[in-house]
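Please look through the sequence and the model below before reading on. The paragraphs that follow move from one charged pair to the core and then to the surface.

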Amino acid sequence: MKKKKQKQQNVKSEQRRTIAPLDLEPPKRHYFNDDVVSSFNPAAEKPKNKNEIRRRQNKKRKLKRGVRNFLITACVVLGVAVIGIVLSLTVFFNIASIHITGSGTYSEEQIEQLCDIEIGENMFLIDKEKCVKKITTALPYVYDVNIKRKLPDKIYIEITEAQPAYIIKNDNKTYTLLDDNLKVLENNIKKKQDGLVTIKKAIPVSNEPGHTIEFENEDTMNCIKKIVDAIKAVELTDVSVISSADKNNNSILYKNRITFELGNCNDLENKLYKALAATEELDERNDKIKGKLNVSNGKQIYFTES
């Protein structure tokens, strides 16, 4: 038995020896010269001679030098600008004098104190919008404020005074005066002033001097503002009464004898122009005529004599 096993093992070992080994080759490496590489990249042309190589190198140097010079110049300009800004806000342009003109109702001291502009302050650091708002609110009869800087060290404050344009009768039989922007100028006036446009059927809920008047009905407030703006745009004179009960019931009394019934507050300028044209025709027939001129739809016009 042992001999048989040894024979079988010998046979297997002989069979293993007869199997040929695998024919494996190492991986091949491919090398490309510069001509082959440049053929894949048309832009990468090889310089033909030394002069061309020198020209390309000089071109690169000039480009680098130009970029470097540009960056240096930009840094210098930026630095000078920063220094100039710092100096203008700290050393130069400090206020030496303040000049106030146009105010007859309020003193220069009142205006200067409200504006919070002080001598020695830098003129470019003053808050002009804040100054204007404080003055026009605290001093109702100031209509507008124009603040100008005059280099190197002067400030001019030009005041435009407000003029009463509208009047409202209060429940306590006093009156409130308004300018043409509906800002309250004065309140609780006992005597009615002549020559002002009376606002009727609108109930005020806030009439603090220095602030725009507020009415109980928001639609009424919007309509009155639109009517006032339309009157200014058309430059309409001889208006004595504005009436606004609600957004669809608005009118103007013209020349104290003809009521322009406007209806809603849409397209008011067009309505007023048509009402004026119709009034001219009526005056040609009878310049004493009274009545109501209905221009509420903006197209057809109706006149009812009274």
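Does arginine 257 count as buried or exposed? In this model, which is a predicted one, arginine 257 has a relative accessibility of 13% and therefore counts as buried, since the cut-off for that class is under 20% relative accessible area. Its salt-bridge partner is aspartate 283, and the side chains of the two meet at 2.8 Å, taken from N to O. Because aspartate 283 lies in helix H7 whereas arginine 257 sits in the loop between S11 and S12, the pair ties together parts of the chain that are 26 residues apart in sequence. Aspartate 283 is likewise assigned to the buried class, with a relative accessible area of 17%. The pair does not stand alone, for salt bridges with shared partners join Lys255, Arg257 and Asp283 into one network.

Side chains of opposite charge can pair when their charged atoms come close. The structure holds five salt bridges, and among them is the one between lysine 148 and glutamate 158, whose closest N and O atoms are 3.6 Å apart. This pair links distant parts of the chain, with lysine 148 in strand S2 (residues 142-150) and glutamate 158 in strand S3 (residues 154-161), ten residues apart. Lysine 148, at 40% relative accessibility, counts as partly exposed, and glutamate 158, at 31%, also counts as partly exposed. Another of the salt bridges brings together the side chains of lysine 154 and aspartate 153, at 3.8 Å from N to O. Here lysine 154 has a relative accessibility of 31% and counts as partly exposed, while aspartate 153, with a relative accessible area of 22%, is partly exposed as well.

From the charged pairs we turn to the nonpolar interior. The largest nonpolar core has 36 residues, of which Tyr166, Leu182, Ile199 and Phe260 touch the most other members. Two or more residues each are given to this core by strand S4 (166-169), strand S7 (197-200), helix H6 (218-234), strand S10 (239-246), strand S11 (249-254), strand S12 (258-263) and helix H7 (268-285). Among these elements, H6 gives the most, with eight residues.

A separate buried position is found at glycine 210, which is placed in the loop between strand S8 (204-206) and strand S9 (214-215). Glycine 210 has a relative accessible area of 9% and is therefore classed as buried. Glycine 210 and lysine 134 are 76 residues apart in sequence, yet their C-alpha atoms are 9.7 Å apart in space.

The surface, finally, carries patches of charge of either sign. Which residues form the positive surface patch? Lys60, Arg61, Lys62, Lys64, Arg65 and Arg68 do so, and lysine 60 has its place in helix H3, which spans residues 50-90. With a relative accessible area of 57%, lysine 60 is exposed. The patch of negative charge on the surface gathers Glu108, Glu109, Glu112 and Glu118. Within that group, glutamate 108 belongs to helix H4 (residues 108-115) and is partly exposed, with a relative accessible area of 45%.

Definitions and conventions:
Residues are numbered from 1 along each chain as its sequence is written. This is a predicted model: local features need pLDDT of at least 70, side-chain atom pairs count only at pLDDT 80 or more; totals for chains, interfaces and linings use all residues. Side-chain values use heavy atoms; hydrogens and water are left out. Patches are made of residues with over 30% relative accessible area and no salt bridge: like charges are joined within 9 Å, nonpolar side chains (Val, Leu, Ile, Met, Phe, Trp, Tyr) within 5 Å. Accessible areas come from the Shrake-Rupley method with a 1.4 Å probe; for residues, only the protein chains shown count as cover. A salt bridge is a side-chain nitrogen of Lys or Arg within 4 Å of a carboxyl oxygen of Asp or Glu. Lys and Arg count as positive and Asp and Glu as negative; His and the chain ends are not counted. The place of a charge is taken as NZ of Lys, CZ of Arg, CG of Asp or CD of Glu. Helices (H or I, at least four residues) and strands (E, at least two) are DSSP runs, numbered from the N terminus. Buried means under 20% relative accessible area, exposed over 50%, partly exposed in between (1.4 Å probe, protein chains only). A nonpolar core is a set of buried Ala, Val, Leu, Ile, Met, Phe, Trp, Tyr and Cys residues joined through side-chain atoms within 4.5 Å.
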